[in-house]
Structures are given as C-alpha cells and as structure tokens.
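Trainee: I keep meeting labels in structure reports. Could we take one model and ask what earns each label?

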Amino acid sequence: MFSIENEIAKLMSSSAVFGIRMLSKRAKETTPFRAMAVLERAQKMKDVVHLEVGEPDFEPPAEVIDSAIESMLNGNSGYTTSRGKIGLREAVSDYYQRTYGLDIGVDRIVITPGTSAALTMVCLALLETGDETVLTDPYYACYPNFIRQTGSVVKTIPLDISKGFAPDINLFEESVGKNTKMMLLNSPSNPTGSVLKGSEMGELVEIANRNETTIVSDEVYHGIYYDTKTHSVLEHTDDAFVVDGFSKRFAMTGWRLGWIVCPPNCIEVINRLTQNLVICATNFVQDAGIAALEMSDELVPKMRDVYRKRRDVLVEGVEKLGVGMGYTPEGAYYLLIDVSELGDAFDISNRLLDEVGVATTPGPDFGTSVENCLRLSYATGMEDLKEAINRIGTFIEDQ
Ligand SMILES: Cc1ncc(COP(=O)(O)O)c(C=O)c1O
C-alpha cells in the first residue's frame, strides 16, 4: 500500500546508487508530483484524454497576449523591482477592492513568478525546523513538499468523504495548538473542490488568533466557484498571508505569475526573500497580468459557466458508472472518484492510461484519506470529457 513514509524510505535506501548519497535529506524526502509524471508519460502516447493536470484548456484572452507582445516590443525585458511593477501591484489592489470591498495597499503586495514561488517565499519566511503546519487531507499534492523544505512538520486533518470533504471547523479546533506555526488553507480546494463559507473563514481566523498561529490562504482557485461564493481570509484579518496567481482563473499556467499579500509588517522580509531567491517575475508578463486583472469581471464568470456545465456532466457520468462518491464539487475543477472496487489506485490509473487512453492522477498524491481514489480534472473540453466517461465505462465493463 502507498504511504509517503514508504516512498521516503525507498528514496533514502537508494543511497547506494552513485550520486544519490550526496543529496540532502530534504531533497530525498521530496516526493514526486504525480500529476506531472502522468502527464509526461501520457504526452508520449497517442489518443489520450487528459484529465490529469489542472491546466485550463482556455487560451488567455487576445488582449492579455497583445499586452505581453507590446510590452516585449517596447523593450520591457529586463529585471523589474522585486516587489513587482507598480502598475500590476495597483491592479491587484483594485481587484481586492472590486471583488471583496477590501482596501489592500500596494505596500502589502509582492509579485512572484507564480503561486508556487509565493508559497515557497511564505513558508521560508514563517517556518523553522520542527515547527508544525496544519493542513487538511486531502491536500494539494505539493504542499507537504513546500513545508518539508523548511524542516517543518506536516500535521494533517483527514476530511470526511461522507460529508463531501467539507472542512470541519471542530477538527481544526482539535488539531491546532500552541505548537502550530502555520495553518495552510486552500479554498476552493484542489483536489476536493470544497469551498469555505465566509463564516467558516472567520471561525478559522479566531482559532488561529487563539493559538497565535498564522494563516496562509492559497486563493489560486478564487473566482472558480459554482454555488458558495469564494471568500478571502483578508475579509477577516490583516494578519494572514494570501498567495494567489494567474494560472487558474486567467488560464495563464505557463506564464508564471502570482502574488503575495502580506500582513502590514512583513513585506520587507518577503521582499528580501524575493530579491535573493527569484529576483522578480518576468517583466513583460507582469504587463499581461495588468490586462488580465482589468478583464477579470468579464472573463471569470464566463469561465465559471463553462466549468459548471462540465462539472455537472462529469458528476452525472461517474455516478452512473458507479465510481462517483456522491458529492458535487463547489469550486475549482476537480472531481475525486472511488476505484476501490476495481483495484489499487496507482494500478487503475496506469491501466486506464494504457488500456483506454484516459490520463488521471492517483489519489495517494493528495493524502492518505483518498488513497482509493483518482482525481479527474474537468479543465478539459466537453467532448473530451464525454469521451473519457465512455472510455472509463468500457474499462469498468471489461473488469
Ligand atoms: C492549490 C494550488 N496551489 C498552487 C498551485 C500552483 O499554482 P501556480 O501555477 O500559480 O504556481 C496549484 C497548481 O495546480 C494548486 O492547485
């Protein structure tokens, strides 16, 4: 059976292999991001329906692409300040005002090359060796690895499948304590699609305050919600970090652009880390980011409607096939299915790819609570989704 501990033990025992022994324990303990590994394998194959990666099939709008080209032609190809271009920081600030009615000054915003870089910076700013970080299981596959790089310890709160993976505030109450340095939240969640209500966010802030813990809220799927509107932790406190980016709701995955909103007194530390570790986000891409944010009110609702239709078709399809888990995601663009009746999740994921050409991500990537599951991404076109449902159906019939 898969477990992170077994994976780590396997990597550690490979120290006999030439070269491996010189690597750091931290590096050896870093587990692979399987969605990317499946993608690599699937890309070498023909006639594959891709449900493995969370990569929107949309192109960014022409205005966004034009802004990048124009900026590049205007010579904007050098370094920018580490905080990012003031125009983009102002556009991020306007976005908070429009979307949540919040006044977030540009002096709290740092631009980064993607949400992943933002998470790296915030983890390094907050965590010491041995500190504890609390997060829910299932979680975004890379979270434990961000945390491990700092020597901090991951403590997970298993979510209840029968409640549609809704985050249970009482479980946070029980798990967060004086040793907890960081609470890592992700709403809408990858891989569950659950969305925290505004009141729940408020309760989590209270738990953090009582335990003198810092909330880091990954809001990269904000805007992609279907029923419950997305709420920022910043509606409840200034003393939290928000990491966010353009990959998901602006379909700009490869552009590598994101941001951090810092508590008022932390910006200099984050800025120093940014100066040293990444210098800055790509100059002309930052101008494209301004164009994207200016279009967000028009663009995001359209994407949301497309994803909602796909979600409904996929949920209905998998329920009919008997692998549905009886829940409907409220946000993001992922659905977990239960393959325990068919076999081991890794094996089924591999066989779905090899036998019927459907690429999926094995649940164990996202934690122990979903080790019998596969994650399907519906950031892929409707025709492909229907084809995937048919193919999974054929696979199940043949068992
Ligand atoms: C929850 C979550 N956070 C962060 C990221 C990374 O986003 P970015 O492309 O902005 O680095 C992802 C990517 O899938 C994600 O799902």
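**Labels and their reasons**

Mentor: Start with Ser377, which counts as buried because its relative accessibility is 1%. Keep in mind that the model is predicted.

Trainee: What makes 1% enough for Ser377 to count as buried?

Mentor: Buried means under 20% relative accessible area. Ser377 has 1%, so Ser377 is buried.

Trainee: Where is Ser377 placed?

Mentor: Ser377 sits in strand β12, residues 373-377. Leaving aside neighbours within four places in sequence, Ser377 is in contact with Leu51, Val53, Gly54, Tyr333, Tyr334 and Leu385.

Trainee: What makes the approach of the Ser377 side chain to Ala379 a polar contact?

Mentor: The side chain of Ser377 reaches the backbone nitrogen of Ala379 at 3.2 Å. The cut-off for a polar contact is 3.5 Å. The value 3.2 Å is within 3.5 Å, so the pair qualifies.

Trainee: Why is Asp47 called exposed?

Mentor: Exposed means over 50% relative accessible area. Asp47 has 57%, so Asp47 is exposed. Asp47 lies in the loop between α3 (34-43) and β1 (49-50).

Trainee: Is Phe165 buried or exposed?

Mentor: Phe165 counts as buried, because its relative accessibility is 0%. Phe165 is in the loop between β4 (153-158) and α8 (169-175).

Trainee: What is notable about phi in Asp47 and in Phe165?

Mentor: Phi of Asp47 is near 55°, a positive value in a residue other than glycine. Phe165 also is not a glycine, and its phi is about 65°. Most residues other than glycine have a negative phi.

Trainee: Which peptide bonds are cis, at Pro188 and at Pro191?

Mentor: One joins Ser187 and Pro188, with omega about -10°. Another runs from Asn190 to Pro191, with omega near 20°. Pro188 is in the loop between β5 (180-186) and α9 (198-210). Pro191 is in the loop between β5 and α9 as well. Most peptide bonds are trans.

Trainee: Why does Asn211 count as buried at 11%?

Mentor: The limit is under 20%. Asn211 has 11%, so Asn211 is buried. Asn211 is found in the loop between α9 and β6 (214-218).

Trainee: What does Asn211 touch?

Mentor: Not counting residues up to four places away in sequence, Asn211 touches Val176, Gly177 and Lys178. The side chain of Asn211 also reaches the backbone oxygen of Ile207 at 2.9 Å. That is within 3.5 Å, so the pair counts as a polar contact. Asn211 and Asn179 are 32 residues apart in sequence, yet 8.4 Å apart in space, C-alpha to C-alpha.

Trainee: How many residues does the largest nonpolar core have?

Mentor: The largest nonpolar core has 89 residues, and Tyr96 and Trp259 have the most contacts inside it. Helix α11 (residues 283-321) gives the most to this core, with 15 residues. Domain 1 (4-59 + 299-397) and domain 2 (74-297) each supply at least three residues to this core.

Trainee: Which residues is Tyr96 in contact with?

Mentor: Beyond four places in sequence, the contacts of Tyr96 include Gly101, Leu102, Ile104, Leu234 and Trp259. Apart from the largest core lies another core, of 25 residues, among them Val110, Ala118, Leu184 and Val243. In soluble globular proteins, nonpolar side chains tend to be buried together.

Trainee: How many residues of domain 1 are in contact with domain 2?

Mentor: 37 residues of domain 1 are in contact with 36 residues of domain 2. The centres of domain 1 and domain 2 are separated by 23 Å, taken over C-alpha atoms.

Trainee: Which residues are closest to the ligand?

Mentor: 13 residues surround the ligand, and the closest are Ser116, Asp218, Tyr221, Ser247 and Arg256.

Trainee: What makes the pair of Asp218 and the ligand a polar contact?

Mentor: A nitrogen atom of the ligand is 2.6 Å from an N or O atom in the side chain of Asp218. That is within 3.5 Å, so the pair qualifies. An oxygen atom of the ligand is 2.7 Å from an N or O atom in the side chain of Thr115. A polar side-chain atom of Arg256 also lies 2.7 Å from an oxygen atom of the ligand. The protein covers 93% of the 400 Å² of accessible area that the ligand has on its own.

Key: Residues are numbered from 1 along each chain as its sequence is written. This is a predicted model: local features need pLDDT of at least 70, side-chain atom pairs count only at pLDDT 80 or more; totals for chains, interfaces and linings use all residues. Side-chain values use heavy atoms; hydrogens and water are left out. A nonpolar core is a set of buried Ala, Val, Leu, Ile, Met, Phe, Trp, Tyr and Cys residues joined through side-chain atoms within 4.5 Å. Buried means under 20% relative accessible area, exposed over 50%, partly exposed in between (1.4 Å probe, protein chains only). Helices (H or I, at least four residues) and strands (E, at least two) are DSSP runs, numbered from the N terminus. Domain bounds come from an automatic or database domain assignment. Contact means heavy atoms within 4.5 Å. A residue is near a molecule or strand if one of its heavy atoms lies within 4 Å of it. A polar contact is a pair of N or O atoms within 3.5 Å; within protein, one must be able to donate a hydrogen and the other to accept it, and residues adjacent in sequence count only if both atoms are side-chain atoms. Accessible areas come from the Shrake-Rupley method with a 1.4 Å probe; for residues, only the protein chains shown count as cover.
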